[in-house]
Amino acid sequence: MVSQSSKLNQKLTQIFGMFLGIAIAVWVMRGFGIPFLTALPGGLILLLFVIAITFGVLSYLQKTWWRF
């Protein structure tokens, strides 16, 4: 049986991977000069990276320190 803590950590890790993947994909495609993505402000890509890092830190903290 999988505990609630493990399920939460798995979900946080999945969200981290999703945001990181989207951020990297948008950043790379914007670098290739795809017309729609070149119009996106750099702050939006930075925001995606910050969200990904936040979920990664939360996942790490939940796994190591928080036991709920």
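Good morning. I begin with one residue, Phe16, which counts as partly exposed because its relative accessibility is 28%, a value that is neither under 20% nor over 50%. Please keep in mind throughout that this is a predicted model.

Phe16 is placed in helix α1. Setting aside neighbours within four places in sequence, Phe16 is in contact with Ala52, Phe55 and Gly56. How far apart are Phe16 and Ala52 in sequence and in space? They are separated by 36 residues in sequence, yet their C-alpha atoms are 4.8 Å apart.

Let me now step back to the chain as a whole. Its secondary structure consists of three helices and zero strands, and from the N terminus the elements run α-α-α. Helix α1 covers residues 4–31 and helix α2 covers 35–38, while helix α3 covers residues 42–64. Among contacts with a separation of 6 or more, 63% are between residues 24 or more positions apart. Of the 68 residues in the chain, 21% are buried. The chain exposes about 5000 Å², and carbon and sulfur atoms supply 75% of that area.

I turn next to the aromatic residues. A pair of aromatic rings is described by two quantities, the distance of the centres and the angle of the planes. The structure holds two such pairs. In one of them, the rings of Phe19 and Phe55 have centres 6.0 Å apart and planes at 5°, so this pair is stacked. Phe19 belongs to helix α1 and Phe55 to helix α3, so the pair ties together parts that are 36 residues apart in sequence. Phe55, which we have already met as a contact of Phe16, is partly exposed because its relative accessibility is 22%.

The other pair is made by Trp27 and Phe49, and its geometry is edge-to-face: the distance is 6.3 Å centre to centre, with 85° between the planes. Here, too, distant parts of the chain are linked, since Trp27 lies in helix α1 and Phe49 in helix α3, 22 residues apart. Are these two partners buried, partly exposed or exposed? Trp27 has a relative accessibility of 52% and therefore counts as exposed, the cut-off being over 50%. Phe49, at 21%, counts as partly exposed.

Trp27 also takes us to the surface. Together with Ile24, Val28, Met29, Phe32 and Ile34, Trp27 forms a nonpolar patch there, and these residues have about 600 Å² of accessible area together. One member of the patch, Ile34, sits in the loop between α1 and α2. Ile34 is partly exposed, because its relative accessible area is 34%.

Finally, I should like to consider a polar residue, Asn9, which is also found in helix α1. Is Asn9 buried or exposed? Asn9 is buried, because its relative accessible area of 14% falls under 20%. Which residues does Asn9 touch, not counting those up to four places away in sequence? They are Ser59, Gln62 and Lys63. With Ser59 there is a further detail: a polar contact of 2.7 Å joins the two side chains.

To close, I return to the aromatic pairs, which offer a convenient way to read the model. The stacked pair is Phe19 with Phe55, and the edge-to-face pair is Trp27 with Phe49. Each links helix α1 with helix α3. Thank you for your attention.

Technical notes:
Residues numbered from 1 in each chain as written. Predicted model: local features only at pLDDT ≥ 70, side-chain atom pairs only at ≥ 80, totals over all residues. Heavy atoms only, no water. Patch = residues over 30% accessible without salt bridge, like charges linked within 9 Å, V, L, I, M, F, W, Y side chains within 5 Å. Areas by Shrake-Rupley, 256 points an atom, 1.4 Å probe, with all protein chains shown as cover. Salt bridge = Lys/Arg side-chain N within 4 Å of Asp/Glu carboxyl O. Helix = DSSP H or I, 4+ residues; strand = E, 2+ residues; numbered from the N terminus. Buried < 20%, exposed > 50% of the residue type's maximum accessible area, 1.4 Å probe, protein only. Phe/Tyr/Trp six-rings, centres within 6.5 Å; stacked < 30°, edge-to-face > 60°. Contact = heavy atoms within 4.5 Å. Polar contact = N/O pair within 3.5 Å; in protein donor to acceptor, adjacent residues only side chain to side chain.
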